[in-house]
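Trainee: I have the sequence and the structure open. Can we go through the fold, the open spaces and a few odd residues?
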Amino acid sequence: MQSLINQLRPGVVRTVKVTGFDGADVLVQLVDAEGEEDEIGRIPRHEASTRRIEHPSELFEVGQEINAEEIGRWREGQLHLSARACEIPALRSFLLAFERGQVVAGTVSEVHNFGVFVHVDGEPDGLCTGFIRVPDLTWGWISHPSEAVEAGQRITAEVIIAETRSGQVILSLKALQEDPLIRFADQVGRVLIGPITKIVPFGVFVQLAPDVVGFLHLSDLTDEPIETPDQLVDEGELITVKVAEVDLQRHRVRLGAAGDVDRT
């Protein structure tokens, strides 16, 4: 995660002059470089604009000077840049004001199966800058984000990273909630009974406590020669398991066999 965050951190803004096009990419010359007057950079098509365009020539013309953010060097060291990261100055300024771990408030705009969009307080008019990925909504198991939040709801969340290239600030609701595994860590070695919440080809997930789910591998579920767990158990059935390990770093609970399925 930290490696990904480092890749998405805003880069240095450079002033460049459009020199031509290579397919759908924009070729530019750095005009603010000291001792690098002839350095040629590239703006990939997907970094040209947040708007939908057929070709970057709809936005830029040869000789035009623009600001673009450095995003790295590829193709034998050629500098790549993002024009979209500087396309809306007010948005860029808004995003650059955030720091990782900062707590912000906002209003849920839309809820989708892949995540939640949030209107962050103070964002430029007409934009929706906040986004919460499904794993960052809650520590508990949910089948859809609508189980955690709803449109119009006021929320408080923690900043993971502000991305100038996507124009979004990635947020986490879960970061402001206590990890339920912290209080569950002393359960290692105990035998518990809980319902099966999900069946996958190689094992089952079992609800052990509020917002705590453990995994029991197929090999620990039965000694019978079965191909998948659903040949033996169903979702919702109670099963007796032993807590073998609570891994706080990876946030997972490993279970072991401790009896047969309880079908009463």
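Trainee: In the hairpin of β1 and β2, which residue takes a positive phi?

Mentor: Keep in mind that this is a predicted model. Strand β1 covers residues 13-22 and strand β2 covers residues 25-30. The hairpin has two residues between these strands. The one with a positive phi, near 65°, is Gly23.

Trainee: How many bridges join β1 to β2?

Mentor: The two strands run antiparallel. Lys17 has Gln29 as its bridge partner in β2. Val18 is partnered there by Val28. The count of bridges joining β1 to β2 is six.

Trainee: Which residue in β3 stands opposite Leu27?

Mentor: Start with the strands. β2 pairs with β3, residues 40-43, in the antiparallel sense. Four bridges hold that pairing. Opposite Leu27 in β3 stands Arg42.

Trainee: In what order do the five strands that include β1 close into a barrel?

Mentor: Strands of a sheet pair through backbone hydrogen bonds, either parallel or antiparallel. Here the pairing is mixed. Neighbouring strands of this sheet are turned by 50° against each other on average, direction ignored. The barrel order is β1-β2-β3-β5-β4.

Trainee: And in what order do the strands that include β6 close?

Mentor: This is also a barrel of five strands with mixed pairing. Its neighbouring strands are turned by 50° on average, again with direction ignored. The order is β6-β7-β8-β10-β9.

Trainee: Which residue in β7 stands opposite Thr107?

Mentor: Strand β6 spans 103-112. Its pairing with β7, residues 115-120, is antiparallel. Six bridges make up that pairing. The residue opposite Thr107 is His119.

Trainee: Now the helix. Within what arc do the buried residues of α2 fall?

Mentor: Helix α2 runs over residues 89-96, and its buried residues are Leu91, Arg92, Phe94 and Leu95. On the other side, Pro89 and Ser93 are exposed. Look down the axis: the buried residues line one face of the helix, because they fall within an arc of 160°.

Trainee: Just past that helix, is Ala97 buried or exposed?

Mentor: Ala97 sits in the loop between α2 and β6. Exposed means over 50% relative accessible area. Ala97 has 55%, so it counts as exposed.

Trainee: What distance separates the C-alpha atoms of Ala97 and Gly115?

Mentor: Along the chain, Ala97 and Gly115 are 18 residues apart. In space, their C-alpha atoms are separated by 23 Å.

Trainee: On to enclosed space. How many nonpolar residues are in the lining of the largest cavity?

Mentor: The whole structure has two cavities of 30 Å³ or more, and the largest holds about 40 Å³ of space. Its lining is Thr50, Arg84, Ala85, Glu87, Ile88, Leu91, Arg92 and Thr164. Two of these lining residues are polar and three are charged. The nonpolar count is three.

Trainee: Which strand gives the largest share of the lining of the largest pocket?

Mentor: That pocket holds about 510 Å³ of space. Its lining has 23 residues, with Trp139, Trp141, Val213, His251 and Arg252 nearest its centre. Strands β13 (212-217) and β15 (252-262) each supply at least two lining residues. The largest share, five residues, comes from β13.

Trainee: By class, how many charged residues does the lining of the largest pocket have?

Mentor: Sort the lining by class. Twelve residues are nonpolar and five are polar. The charged count is six.

Trainee: What is the phi of His251?

Mentor: Most residues other than glycine have a negative phi. His251 takes a positive value. His251 lies in the loop between β14 (238-247) and β15, and is partly exposed, with a relative accessible area of 28%. Its phi is near 50°.

Trainee: Last one. What is the relative accessible area of Asp211?

Mentor: Asp211 belongs to the loop between β12 (203-209) and β13. It is a residue other than glycine with a positive phi, near 65°. Partly exposed lies between the 20% and 50% cut-offs. Asp211 falls in that class, with a relative accessible area of 41%.

Key:
Residues numbered from 1 in each chain as written. Predicted model: local features only at pLDDT ≥ 70, side-chain atom pairs only at ≥ 80, totals over all residues. Heavy atoms only, no water. 1 Å grid on protein atoms, 1.4 Å probe; cavity = no way out; pocket = protein on both sides within 12 Å on 5 of 7 lines; lining within 4 Å. Points joined across faces, edges and corners; volume = space filled by probe spheres on them. Nonpolar A, V, L, I, M, F, W, Y, C, P; charged D, E, K, R; others polar. Pairing = 2+ DSSP bridges. Axes fitted to C-alpha atoms, helices over the stretch in contact; angles between N-to-C directions. Buried < 20%, exposed > 50% of the residue type's maximum accessible area, 1.4 Å probe, protein only. Arc of directions from axis to C-beta.
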